[in-house]
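Here's a quick briefing to read with the model open in your viewer. Skim the bullets by topic and click along as you go.

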Amino acid sequence: MLAEWFKHLTLPCPAPLRYMGYAREMIAIEARHKRCHVAWAPHLEHCKKVIGDAAQDIPHGKAVVLGSGLLLDIPLQGLSETFSDVVLVDIFHMPAARKRIRDMANVCLETADITGLADATWTHVREARAGPLPPPRADAGVFADADLVVSANVLTQLPLFPMGWVEEKGQGYGEDDIKAFARRIVDHHLELLAALPGRVCLLTESQRVICDGDQVLQEIDPLFGATIPASGLKWTWDIAPRPEITRRIDLRFRMTGIADLKAALS
Ligand SMILES: C[S@@+](CC[C@H](N)C(=O)[O-])C[C@H]1O[C@@H](n2cnc3c(N)ncnc32)[C@H](O)[C@@H]1O
């Protein structure tokens, strides 16, 4: 915990992302992966397999990964060998990701907010504005011409920090306003993906389950009511087996991996 706190203090990161929690979350994921890597291994393998399947039978010009993060769930070597160019998109790139791609000549990092509302939400709340919360604005930008776009476990992360920031510091927003804000962000990402010309691969959690062993204590919808196709590979990610959160609780994510999202939607 102390090491995570120190890393957070010293990590070079734009102030809005630091205060809204993006950097803290990345540091927490890195630390949790170290503690729970055995429990995470099957999940990471499933993700890599779905991405490998998505890369079949398409042109191999440009692949783009959205929410590339720590590159844990990405078959980076395989993508780099298969595609001419690989672009890793995240709102913030951790030193570990920079280090990992250092010797890969056809892999680059692109820093972009794929919702287009993180800065606007930061300002909206800081200036104590009232009225409608900022809408998602991002267009496909750098990934519009990709042969493969992978949404890599980013969908349900997109609303978390803008939402948390409004909840914590915003003036006069109720639970329903915040849930509607989150839902718009999730819908926007799904619409953006569905409109892309190339192959689109979606990896996402579809349900969070808090358990005591086999007993389900609580189920949480991380998609805020949005729907994704029922097809695709399904698995459970033991993201925080006990005693990670407490000695009596396990946190599991029900996962979906769709190698060809547009085919699944049609
Ligand atoms: C759970 S991680 C995904 C896991 C990642 N693929 C890996 O292998 O480590 C979610 C990622 O989404 C990124 N993210 C969250 N909001 C974003 C946004 N608005 N635009 C771009 N990336 C965002 C986070 O910075 C984080 O790296």
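In this predicted model, the ligand is surrounded by 23 residues, and the closest are G67, G69, L70, L72 and I91. Helix α3, spanning residues 22-54, supplies the largest share of that shell, with three residues. The shell breaks down into 14 nonpolar, six polar and three charged residues.

**The nonpolar cores**

- The largest nonpolar core runs to 58 residues, and the ones with the most contacts inside it are V64, V65, L66, V149, V150 and C201.
- Helix α3 turns up again here: the largest share of this core, seven residues, comes from it.
- There's also a second, separate core of five residues, with W237, I239, A240 and F253 among them.
- If you want to click through one hub, try L66: setting aside residues up to four places away in sequence, L66 touches V89, I114, F143, V149, V150, S151, A152 and V154.

**S68 and its surroundings**

- S68 sits in the loop between β1 and α4.
- Is S68 buried or exposed? It has 28 other C-beta atoms within 10 Å, and the cut-off for buried is 20 or more, so S68 counts as buried.
- Ignoring neighbours within four places in sequence, S68 is in contact with I74, L88, V89, D90, A97 and A152.
- For a long-range pair, take S68 and L251: they're 183 residues apart in sequence, with C-alpha atoms 23 Å apart in space.

**A helix pair**

- Helices α6 (residues 118-126) and α7 (residues 160-169) pack at an angle of about 5°, and their axes are 10 Å apart.
- Angles under 35 degrees count as roughly parallel, so that's the label for α6 and α7.
- On the α6 side the contact is made by A118, T121, W122 and V125, while α7 brings P162, W165, V166 and K169.
- Sorted by class, the α6 contact with α7 has six nonpolar, one polar and one charged residues.

**Backbone oddities**

- As background, most residues other than glycine have a negative phi, and most peptide bonds are trans. The next few bullets cover the residues to check against that.
- L71 has a positive phi of about 60° despite not being a glycine. You'll find L71 in the loop between β1 (62-66) and α4 (76-82).
- L71 counts as partly exposed because it has 19 C-beta neighbours inside 10 Å.
- F224 is another non-glycine residue with a positive phi, this one near 55°. Its place is in the loop between β6 (215-220) and β7.
- With 18 C-beta neighbours inside 10 Å, F224 also gets the partly exposed label.
- Which residues does a cis peptide bond join? They are R242 and P243, and omega is about 10°.
- P243 lies in the loop between β7 (233-240) and β8 (250-258).

**One more loop residue**

- A144 belongs to the loop between α6 and β4 (148-152).
- A144 has 14 other C-beta atoms within 10 Å, so it's partly exposed.
- A144 and L193 are 49 residues apart in sequence, yet C-alpha to C-alpha they're 9.6 Å apart in space.

Conventions: Residues numbered from 1 in each chain as written. Predicted model: local features only at pLDDT ≥ 70, side-chain atom pairs only at ≥ 80, totals over all residues. Helix = DSSP H or I, 4+ residues; strand = E, 2+ residues; numbered from the N terminus. Buried ≥ 20, exposed ≤ 12 C-beta atoms within 10 Å, placed from the backbone. Near = placed C-beta within 6 Å. Nonpolar A, V, L, I, M, F, W, Y, C, P; charged D, E, K, R; others polar. Core = buried A, V, L, I, M, F, W, Y, C linked by C-beta atoms within 7 Å. Contact = placed C-beta atoms within 7 Å. Axes fitted to C-alpha atoms, helices over the stretch in contact; angles between N-to-C directions. Parallel < 35°, antiparallel > 145°, perpendicular 65-115°, else oblique.
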